[in-house]
Amino acid sequence: MSVLMRRAKVGDLDAIMRLERATFVTDAWSEETMRREIEGPHGYYLVAVDDDADDPERRLLGYAGLLAPAGSGQGDIQTIAVAPFARGIGLGRGLMHALITQARRKHVGELFLEVRADNPIARALYDSLGFVQTGVRRGYYQPDDVDAVTMRLAVPVAVTRPAEPDAASGAAADHADRDDRRGA
């Protein structure tokens, strides 16, 4: 399997909706809602694809979306889904890291999300990424009447530091020192 993450396009909508309906059986978004999210000026939607897959039904591995209006300083993880056959390889984590990176680029200081209280795998992922629980919305997911756990991440700033010399430049410096000692 070869995984490529790229910006979602309207041409991805059919595959996204198949995965959306399979993943969120009782509370899937409508196609029109998903289209507006993908095309919207404040959205950043990604797809993870395997363009080498022989079966077109297995090309879309997952998708995720961020809503971050310019200048607001805040963003929302709108959705994330990974196809059952692609789970367990870190794809959800990769999609989340990509959204967090985009949020940082847009100068977002806080990210929010809701997660089903009955989804321990997603909750563990968000916990491991630094999201903290801020509350519970009772009966948020309908028609299942499942609570939503609300979570927040203080987006960490990018850490930069001078590059360390690599092995090649370090070896060149060692060679120059030897040449100096030999009088070359």
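Visitor: Which residues of helix H3 are buried?

Guide: In this predicted model, the buried residues of H3 are Leu91, Gly92, Leu95, Met96, Leu99, Ile100, Gln102 and Ala103. The term is applied to residues under 20% relative accessible area. Across the protein chain, buried residues make up 35% of the 184 residues.

Visitor: How does the span of H3 compare with the span expected at 1.5 Å a residue?

Guide: H3 covers residues 91–105, which is 15 residues. From its first C-alpha to its last it reaches 21 Å, close to the expected 21 Å.

Visitor: What makes His107 noteworthy in its phi?

Guide: Most residues other than glycine have a negative phi. His107 is not a glycine, yet its phi is positive, at about 60°. His107 comes just after H3, in the loop between H3 and E5.

Visitor: Why does His107 count as buried or exposed?

Guide: The relative accessibility of His107 is 69%. Exposed means over 50%, so His107 counts as exposed.

Visitor: What is the phi of Asp145, and where does that residue lie?

Guide: Asp145, a residue other than glycine, has a positive phi near 55°. Its place is the loop between E6 and E7. With a relative accessible area of 52%, Asp145 stands over the 50% cut-off and is therefore exposed.

Visitor: Which peptide bond is cis, and how do you know that?

Guide: The bond from Gln142 to Pro143 has omega near 10°, and it is cis. Most peptide bonds are trans. Pro143 is likewise placed in the loop between E6 and E7.

Visitor: What is the strand order of the sheet, and how are the strands paired?

Guide: The sheet is open, with 7 strands in the order E1-E2-E3-E4-E5-E7-E6, and its pairing is mixed. Strand E1 (4–7) and strand E6 (132–141) stand at the edges because each has a single partner strand, which leaves one side of each without a neighbour in the sheet. On average, neighbouring strands are turned by 25° against each other, direction ignored.

Visitor: What makes E4 and E5 a pair of strands?

Guide: Two strands count as paired if at least two bridges are found between them. Strand E4 (residues 74–82) and strand E5 (residues 110–116) have 3 bridges, in the parallel sense, so the condition is met. One bridge partner in E5 is Phe112, which belongs with Asp76.

Visitor: Which strands does helix H2 touch, and at what angle does its direction stand to that of E2?

Guide: Helix H2 (residues 31–39) packs on the sheet and touches strand E2 (43–49), strand E3 (60–67) and E4. Its direction makes about 105° with that of E2. Helix H4 (residues 120–128) also packs on the sheet, where it touches E4, E5, E6 and strand E7 (146–154). The direction of H4 makes about 160° with that of E5.

Visitor: How do the axes of H3 and H4 meet, and what is that arrangement called?

Guide: The axes come within 11 Å and cross at roughly 45°. An angle of that value is not under 35 degrees and not within 65 to 115, so H3 is oblique to H4. H3 passes H4 in a right-handed crossing. In this contact, Gly92, Arg93 and Met96 of H3 meet Leu125, Tyr126 and Ser128 of H4.

Visitor: Why is H1 described as it is relative to H2?

Guide: Helix H1 (residues 13–23) and H2 pack at about 125°, with axes 11 Å apart. The angle lies outside 65 to 115 and is not over 145, so H1 is oblique to H2. The crossing of H1 past H2 is right-handed. Leu13, Asp14, Ile16, Met17, Glu20 and Arg21 of H1 meet Glu31, Met34, Arg35 and Ile38 of H2.

Visitor: Why is Ala70 called buried or exposed?

Guide: Ala70 has a relative accessible area of 64%, over the 50% cut-off, so it is exposed. Ala70 lies in the loop between E3 and E4. Its C-alpha atom is separated by 8.7 Å from that of Val108, 38 residues apart along the chain.

Visitor: What are the elements of the protein chain, and in what order do they run?

Guide: The chain has 5 helices and 7 strands, which run β-α-α-β-β-β-α-β-α-β-β-α from the N terminus on. Of its contacts between residues at least 6 apart in sequence, 58% join residues at least 24 apart.

How values were computed. Residues are numbered from 1 along each chain as its sequence is written. This is a predicted model: local features need pLDDT of at least 70, side-chain atom pairs count only at pLDDT 80 or more; totals for chains, interfaces and linings use all residues. Side-chain values use heavy atoms; hydrogens and water are left out. Helices (H or I, at least four residues) and strands (E, at least two) are DSSP runs, numbered from the N terminus. The expected span of a helix is 1.5 Å times one less than its number of residues. Buried means under 20% relative accessible area, exposed over 50%, partly exposed in between (1.4 Å probe, protein chains only). Axes are lines fitted to C-alpha atoms, for helices over the stretch in contact, and angles run from 0 to 180 degrees between N-to-C directions. Contact means heavy atoms within 4.5 Å. A crossing is left-handed if the near helix is turned anticlockwise from the far one by less than a right angle, and right-handed if clockwise.
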